[in-house]
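Colleague: I would like to go through this model with you. Please explain each term as we reach it.

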Amino acid sequence: MVAVNIKYLLALIIVSAIVYYGIYQIQLAKLQAQVIRLESLTRVQKQSVVSPAKPNLSDNLVVLYNRVPKTGSTSFVGIAYDLCKKGQYHVLHVNVTGNSHVLSLTNQIKFVTNVTEWGSMKPALYHGHFAYIDFSKFGVFKPLYINVIRKPLDRFISYYYFLRYGDNFRPYLVRRKAGNTMTFDECVQQKLPECDPNAMWLQVPFFCGHASNCWKPGNKWALTEAKKNLVNNYFLVGVTEELEDFIAVLETSLPRIFKGALEHYTGSNKSHLRQTVQKNSPSVETVNKFKSNSVWQMENEFYEFALDNFHFIKKQTLKNQQQHVIYEKIRPRQS
């Protein structure tokens, strides 16, 4: 009986020792895992101090130029195409079917997704004739929008003659109104649709966006929305009449893409890449007729608003290049 109890006691001791040894090994493995995690975290922290990640504006910069027709956009984009290989960035033309300026909701989602997730194309400059798209509406990061606008009547008349005579960029391409020699003044006198002041409603809706009211000629809400977008959602908006200054500001503020652009623009034939072959100046009567129209007044108000804002930004950017931002009184103190 005593021998059985001794055997039972020895077996119990052995089992207990095995259990305790197993628990010890488990706790030891947990401690080792914690040590490894702490060492890994320490290495990451040290690396972040010594070699910080490159800023988003360098690696993932996306500039979106929703170019308004007949504002000198071909000349500007030509510079980017010339410099993109040397500058190691991509330039992509967004061509919408039927030259539509408004994208369907489905295509907006696809476009936003491509611009956001097409990592191999970054840094990039996208350009095309389409209205402003609010990327934040789709819950993704917003690209840097830029644009150029022009005096509304000048742009309208330039487009009118462009459809008849083409330009020096592609002189052999037959335009839609080729052979029609009617002057703009004659068109206005006959009150034809293509020279109707309502047809001049384009720069405001391009900045307003994809809402239905944006595309209703003379809509006051659209004008207000266009102004808000210009100030809040565009990195820079210049004017055709001061395109050289626009390029200078871009080169100063976004050298990752526009470095060397100003010299290339002024030192080559890119400054007048696309000119309408023939264009007659309107009569005083025609000009006065447009100036009395509410559509011209709103388009012109938007142009003047953009011009004033551009002059302000240009002054701050080009005349204050020696300006520095210093960070002081940082707390808590670094040990």
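Modeller: The side chains of Lys314 and Asp245 meet at 3.0 Å, N to O, in a salt bridge. This is a predicted model, in which local features need pLDDT of at least 70 and side-chain atom pairs count only at pLDDT 80 or more, while totals for chains, interfaces and linings use all residues. Residues are numbered from 1 along each chain as its sequence is written, and side-chain values use heavy atoms, with hydrogens and water left out.

Colleague: What makes the meeting of Lys314 and Asp245 a salt bridge?

Modeller: The term asks for a side-chain nitrogen of Lys or Arg within 4 Å of a carboxyl oxygen of Asp or Glu. Lys314 and Asp245 meet at 3.0 Å, N to O, so the pair fits the definition. Lys314 is in helix 13 and Asp245 in helix 9 (residues 243-253), 69 residues apart. Helices (H or I, at least four residues) and strands (E, at least two) are DSSP runs, numbered from the N terminus.

Colleague: Which residues do salt bridges with shared partners join into one network?

Modeller: Glu242, Asp245 and Lys314.

Colleague: Why is Lys314 called buried?

Modeller: Buried means under 20% relative accessible area, exposed over 50%, and partly exposed in between, with a 1.4 Å probe and protein chains only. Lys314 has 18% relative accessibility, so Lys314 counts as buried. Asp245 has 27%, and therefore counts as partly exposed.

Colleague: How many salt bridges does the structure hold?

Modeller: The structure holds 4 salt bridges. Another joins the side chains of Arg164 and Glu194 at 2.6 Å, N to O. This pair links distant parts of the chain, with Arg164 in helix 5 (residues 152-165) and Glu194 in the loop between helix 6 (184-189) and helix 7, 30 residues apart. Arg164 has a relative accessible area of 4% and is therefore buried, whereas Glu194, at 26%, is partly exposed.

Colleague: What does the salt bridge of Lys227 and Glu301 tie together?

Modeller: Their side chains meet at 2.6 Å, N to O. Lys227 lies in helix 8 and Glu301 in helix 13, so the pair ties together parts 74 residues apart in sequence. Glu301 has a relative accessible area of 38%, so Glu301 is partly exposed.

Colleague: How do you know that the reach of helix 8 is close to the expected one?

Modeller: The expected span is 1.5 Å times one less than the number of residues. Helix 8 (residues 220-233) has 14 residues, for which 20 Å is expected, and reaches 19 Å from its first C-alpha to its last. Its buried residues include Ala222, Leu223 and Lys227. Among the elements that cover the buried residues of helix 8 are strand 4 (144-149) and helix 13.

Colleague: What makes a group of residues a nonpolar core?

Modeller: The members are buried Ala, Val, Leu, Ile, Met, Phe, Trp, Tyr and Cys residues, joined through side-chain atoms within 4.5 Å. The largest nonpolar core has 53 residues, of which Phe111, Tyr126, Phe184 and Phe207 touch the most other members. Helix 13 gives the most to this core, with 7 residues. Apart from it lies another core, of 27 residues, among them Tyr65 and Phe258.

Colleague: Why is Leu9 called partly exposed?

Modeller: Leu9 is at 48% relative accessibility, so Leu9 counts as partly exposed. Leu9 is found in helix 1 (residues 2-50).

Colleague: What share of the chain counts as buried?

Modeller: Of the 335 residues, 38% count as buried.

Conventions:
Contact means heavy atoms within 4.5 Å.
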